[in-house]
Amino acid sequence: MKIFRPITGELGNRLAAGDWRLLAACRGADVELFFDRRRLAEARAFCVRCSVRAACDEAGQGEEGTWGGVFRIWKRRGGAEPKAAAS
Ligand code: SF4
């Protein structure tokens, strides 16, 4: 039987406030990795084991780069909708 301790203090407060980034598998990773289409496989290696993919995917709507394991290209000129790259 596992016994879980509640997360308290600053970390607990931030999690309670919805700061899902604290649980991101990519915390501390090279940020550029998530904005380079050629390094998508490397980025996805983080995303496949990430517990906050859904929140990340939602936060990435309308943004460029890899969010929730999906690489998006956002064409700012012309106001085109963000498009998920084929996997
Ligand atoms: S889904 Fe990927 S990009 Fe998003 S927080 Fe997790 S590891 Fe980072």
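This is a conversation about how some features of a predicted model come by their names.

Visitor: What is the overall make-up of the protein chain in this predicted model?

Guide: The protein chain holds three helices and three strands, and, read along the sequence, these elements follow the pattern α-α-α-β-β-β.

Visitor: Why is Phe71 called buried?

Guide: A residue counts as buried if 20 or more other C-beta atoms lie within 10 Å of its own, and Phe71 has 22 such neighbours inside 10 Å, so Phe71 is called buried. Phe71 lies in strand β2, and its C-alpha atom is 7.2 Å from that of Leu40, although these two residues are 31 apart in sequence.

Visitor: And what makes Gly18 exposed?

Guide: The label of exposed requires 12 or fewer other C-beta atoms within 10 Å, and since Gly18 has 8, Gly18 is therefore exposed. Gly18 is placed in the loop between α1 and α2, just after α1, where it takes a positive phi of about 90°. Its C-alpha atom is separated by 9.6 Å from that of Ala55, which is 37 residues apart from Gly18 along the chain.

Visitor: How do you know that helix α1 is hardly covered?

Guide: Helix α1 spans residues 9–16, and the count of buried residues among these eight is zero. For the protein chain as a whole, buried residues make up 9% of the 87 residues.

Visitor: What makes β1 and β2 a pair of strands, and how do they run?

Guide: Two strands pair if at least two bridges are found between them, and three bridges join β1 to β2, residues 70–73, with the two strands running antiparallel. In one of the pairings, Gly65 has Arg72 in β2 as its bridge partner. The two strands form a hairpin with two residues between them, and Gly68 in the turn has a positive phi of about 60°.

Visitor: Which residues are closest to the ligand, and how many surround it?

Guide: The ligand is surrounded by 14 residues, of which the closest are Ala24, Cys26, Cys47, Cys50 and Cys56. At least two residues of this shell come from each of α2 (40–47), α3 (53–59) and β1 (65–67).

Visitor: How do the residues of that shell divide into nonpolar, polar and charged?

Guide: There are ten nonpolar residues, three polar ones and one charged residue in the shell around the ligand. Cys and Ala both count as nonpolar, and the closest residues include Ala24 and Cys26.

How values were computed: Residues are numbered from 1 along each chain as its sequence is written. This is a predicted model: local features need pLDDT of at least 70, side-chain atom pairs count only at pLDDT 80 or more; totals for chains, interfaces and linings use all residues. Helices (H or I, at least four residues) and strands (E, at least two) are DSSP runs, numbered from the N terminus. A residue is near a molecule or strand if its C-beta atom, placed from the backbone, lies within 6 Å of it.
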